[in-house]
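Please look over the sequence and the structure shown below before reading on. The briefing that follows is written for a reader who is new to them and is grouped by topic.

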Amino acid sequence: MYLETPPRPIETKLFSAMPERFRRKGVRSDWADANRPGVPTDSFIEGPSFDASGNLYIVDIPFGRIFRIAPDGQWSLVIEYEGWPNGLKIAADGRILVADYMHGIMELDAKAGRVAPVLTARNSESFRGCNDLHLASNGDIYFTDQGQTGLHDPSGRVYRLTPSGRLDCLIHTGISPNGLVLDPTETVLFVAMTRDNAVWRLPFMKDGSVSKVGRFCSLFGTSGPDGMTMDATGRLFVGHASLGHVFVFAPNGEMIARIKSCAGPSCTNVAIGGANRDRLYITESATGSVLVADIGELN
């Protein structure tokens with residue numbers, strides 16, 4: 001995982017935790033019954049993404065909620081609907097897209113407080129369970145269709161939806177495809193394969209297909225890599241859903257830092273923020289907390 005220098009430890013601190021008034025204590029949900037059986041689940045936050053005003057949007061999967069967290073840490077409910085919003089990304093033009101495990105790819109109108117479908121099926125076949133998405137500079141939407149896939153059923157899919165409406169299946173042998181991100185040149189796609197406990201590297205060919213797919217890095221634990229982001233230098237930040245860390249990898253795949261959760265073990269997703277883009281925000285789902293770390297010291 002590293003060659004000579006051990007990964008640099010970076011601490012986190014609490015940015016904001018879900019207020020008690022929003023926690024659904026003692027309330028069961030079908031999502032939690034299937035994905036966290038026997039574990040009390042008053043929330044399960046994911047999908048952090050910043051808008052142009054510095055507000056952080058996150059989702060709460062089991063209860064179909066999307067929240068806005070102001071720069072001062074105050075929470076407000078944007079919408080609650082019948083669905084399982086899993087991933088969320090805000091485009092440069094302010095468009096808010098959601099990977100919904102129940103419905104597919106949705107668009108959120110935050111002002112009106114409603115969601116509308118963008119893509120709910122492929123060739124009349126419903127998705128298995130969309131997990132996360134990434135937006136390319138040309139408007140392409142990359143997203144993962146994870147469902148309940150794993151080593152026992154390596155049939156998870158990675159898709160690309162173009163602005164013209166063309167849907168390309170890039171991978172159909174994924175082992176629980178989860179978070180994904182393009183490199184700065186947008187010529188390589190990285191995908192977290194949770195049940196493989198690895199991040200796969202998908203280079204693009206001239207025709208837009210992928211070839212020579214390989215494992216960029218491998219990890220360990222009872223769960224695996226979840227949400228990811230990448231900075232302008234090509235360093236990959238990988239949230240791990242059971243080890244209580246975000247791991248930072250150099251472009252060559254060497255682990256150069258480990259960002260330790262000050263809350264629970266479920267570091268499910270990450271977003272870079274701050275005026276100088278030197279802060280990493282982390283959703284820690286077990287405690288319903290958003291953590292923050294100073295990543296400026298990596299420079």
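Why is the sulfur of Cys 262 not bonded to the closest cysteine sulfur? That closest sulfur belongs to Cys 267 and lies 9.0 Å from the sulfur of Cys 262, which is too far for a bond. This is a predicted model, and the points below take up its cysteines, a sheet, a lysine in that sheet and several salt bridges.

**Cysteines**

- A disulfide is a covalent bond between the sulfur atoms of two cysteines.
- The count of disulfides in this model comes to zero, and Cys 130 is accordingly in no disulfide, the nearest cysteine sulfur being that of Cys 169 at 12 Å.
- The surroundings of two of these cysteines can be described as well: Cys 130 is buried, at 0% relative accessibility, whereas Cys 262 is partly exposed, with a relative accessible area of 44%.

**An open sheet of four strands**

- Strands of a sheet pair through backbone hydrogen bonds, either parallel or antiparallel.
- Here four strands make up an open sheet in the order 7-8-9-10, and their pairing is antiparallel.
- Strand 7 (85–90) and strand 10 (114–119) each have a single partner strand and stand at the edges, so one side of each is left without a neighbour in the sheet.
- On average, and with direction ignored, neighbouring strands of this sheet are turned by 30° against each other.
- Strand 9, which covers residues 104–109, runs antiparallel to strand 10 and is joined to it by five bridges; within this part of the sheet, Ile 105 stands opposite Leu 119 of strand 10.

**Lys 89 in an edge strand**

- Lys 89 has its place in strand 7, and at 15% relative accessibility it counts as buried.
- A polar atom of the Lys 89 side chain lies 3.1 Å from the backbone oxygen of Leu 133.
- Leaving aside residues up to four places away in sequence, Lys 89 touches Ser 49, Arg 95, Ile 96, Leu 97, Asp 132, Leu 133, His 134 and Leu 135.

**Salt bridges**

- A search of the whole structure finds 19 salt bridges, and the ones described here include both exposed and buried partners.
- Asp 231 and Arg 235 meet through their side chains in a salt bridge, with 2.8 Å from N to O; Asp 231 is buried, with a relative accessible area of 13%, and Arg 235 also counts as buried, at 11% relative accessibility.
- Elsewhere, salt bridges that share partners join Glu 20, Arg 23, Lys 25 and Asp 42 into one network.
- One of the pairs in that network is formed by Lys 25 and Glu 20, whose closest N and O atoms are 2.9 Å apart; Lys 25 is exposed, with a relative accessible area of 55%, and Glu 20 is exposed as well, at 53%.
- Asp 42 and Arg 23 form another salt bridge, in which the closest N and O atoms are 3.4 Å apart.
- Asp 42 lies in the loop between helix 1 (30–35) and strand 3 (45–50), while Arg 23 lies in the loop between strand 2 (13–17) and helix 1, so this pair ties together parts that are 19 residues apart in sequence.
- Both partners of this pair fall under the 20% limit for buried residues, since Asp 42 has a relative accessible area of 17% and Arg 23 has one of 14%.

Conventions
Residues numbered from 1 in each chain as written. Predicted model: local features only at pLDDT ≥ 70, side-chain atom pairs only at ≥ 80, totals over all residues. Heavy atoms only, no water. Pairing = 2+ DSSP bridges. Helix = DSSP H or I, 4+ residues; strand = E, 2+ residues; numbered from the N terminus. Axes fitted to C-alpha atoms, helices over the stretch in contact; angles between N-to-C directions. Salt bridge = Lys/Arg side-chain N within 4 Å of Asp/Glu carboxyl O. Buried < 20%, exposed > 50% of the residue type's maximum accessible area, 1.4 Å probe, protein only. Polar contact = N/O pair within 3.5 Å; in protein donor to acceptor, adjacent residues only side chain to side chain. Contact = heavy atoms within 4.5 Å. Disulfide = S-S within 2.5 Å.
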